[in-house]
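Below is a short note on the chain, set out as numbered points. It follows strands, salt bridges, a pocket and one loop residue in turn.

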Amino acid sequence: TARIDVGFGNTLYVRGEGPGLSWDQGIVMDCVGDDRWTITLGESARPVVFKFLVNDLTWSVGEDYSALPGSSVLLAPTF
């Protein structure tokens, strides 16, 4: 889950390494509130490494994020 308001008409995407992810094309996250975006990925034996993008164009700043298999994370990316 990402906690961020990306502005009306914009969409949050995620790219990375893990089930269904790639660094070449993002996956649309589900908007579940004004500042909440979620995505559920398939099971993985390795940590998932990822980064957020607005409209699949603008990358979040800072290092890549990582989540352990089977975990849920709440992050607040900045752009």
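1. The model is a predicted one. Strand S2 is a suitable place to begin: five of its six residues are buried, so S2 is largely enclosed by the rest of the structure. The strand covers residues 12–17.

2. Which strands pair with S2? One partner is S6, joined to S2 in the antiparallel sense over six bridges. Within this pairing, leucine 12 faces valine 54 of S6. The other pairing is with strand S3, residues 27–28, again antiparallel and over two bridges. Here valine 14 is placed opposite isoleucine 27 of S3.

3. S2 also carries one end of a salt bridge, since the count for the model is two salt bridges and arginine 15 takes part in one of them with aspartate 56, at 2.9 Å from N to O. Arginine 15 lies in S2, while aspartate 56 sits in the loop between strand S6 (48–54) and strand S7 (58–59); the two are 41 residues apart, and the pair links distant parts of the chain. Are these two residues buried or exposed? Both arginine 15 and aspartate 56 are buried.

4. The other salt bridge is formed by the side chains of arginine 3 and aspartate 35, with an N to O distance of 3.4 Å. This pair, too, links distant parts of the chain: arginine 3 belongs to strand S1 (residues 2–3), and aspartate 35 to the loop between strand S4 (30–33) and strand S5 (36–38), with the two positions 32 residues apart. Arginine 3 has 46% relative accessibility and therefore counts as partly exposed. Aspartate 35, at 27%, also counts as partly exposed. The cut-off for buried is under 20% relative accessible area, which is why neither 46% for arginine 3 nor 27% for aspartate 35 qualifies.

5. The strands named in the previous point belong to an open sheet of three strands, in the order S1-S5-S4, with antiparallel pairing. S1 and S4 are at the edges with a single partner strand each, so one side of each has no neighbour in the sheet. S4 and S5 run antiparallel and are joined by three bridges. In that pairing aspartate 30 stands across from threonine 38 of S5.

6. Next, the pocket. The largest pocket has a volume of about 440 Å³. It is lined by 21 residues, of which Ile39, Thr40, Leu41, Ala67 and Ser71 are the closest to its centre. Which element gives the most to the lining of the largest pocket? That element is S6, with three residues. By class, the lining of the largest pocket consists of 13 nonpolar, seven polar and one charged residues.

7. The last point concerns serine 60, located in the loop between S7 and strand S8 (65–67). Its relative accessibility is 3%, so serine 60 counts as buried. With neighbours within four places in sequence left aside, serine 60 is in contact with Lys51, Phe52, Tyr65, Pro77, Thr78 and Phe79.

Key. Residues numbered from 1 in each chain as written. Predicted model: local features only at pLDDT ≥ 70, side-chain atom pairs only at ≥ 80, totals over all residues. Heavy atoms only, no water. Salt bridge = Lys/Arg side-chain N within 4 Å of Asp/Glu carboxyl O. Helix = DSSP H or I, 4+ residues; strand = E, 2+ residues; numbered from the N terminus. Buried < 20%, exposed > 50% of the residue type's maximum accessible area, 1.4 Å probe, protein only. Pairing = 2+ DSSP bridges. 1 Å grid on protein atoms, 1.4 Å probe; cavity = no way out; pocket = protein on both sides within 12 Å on 5 of 7 lines; lining within 4 Å. Points joined across faces, edges and corners; volume = space filled by probe spheres on them. Nonpolar A, V, L, I, M, F, W, Y, C, P; charged D, E, K, R; others polar. Contact = heavy atoms within 4.5 Å.
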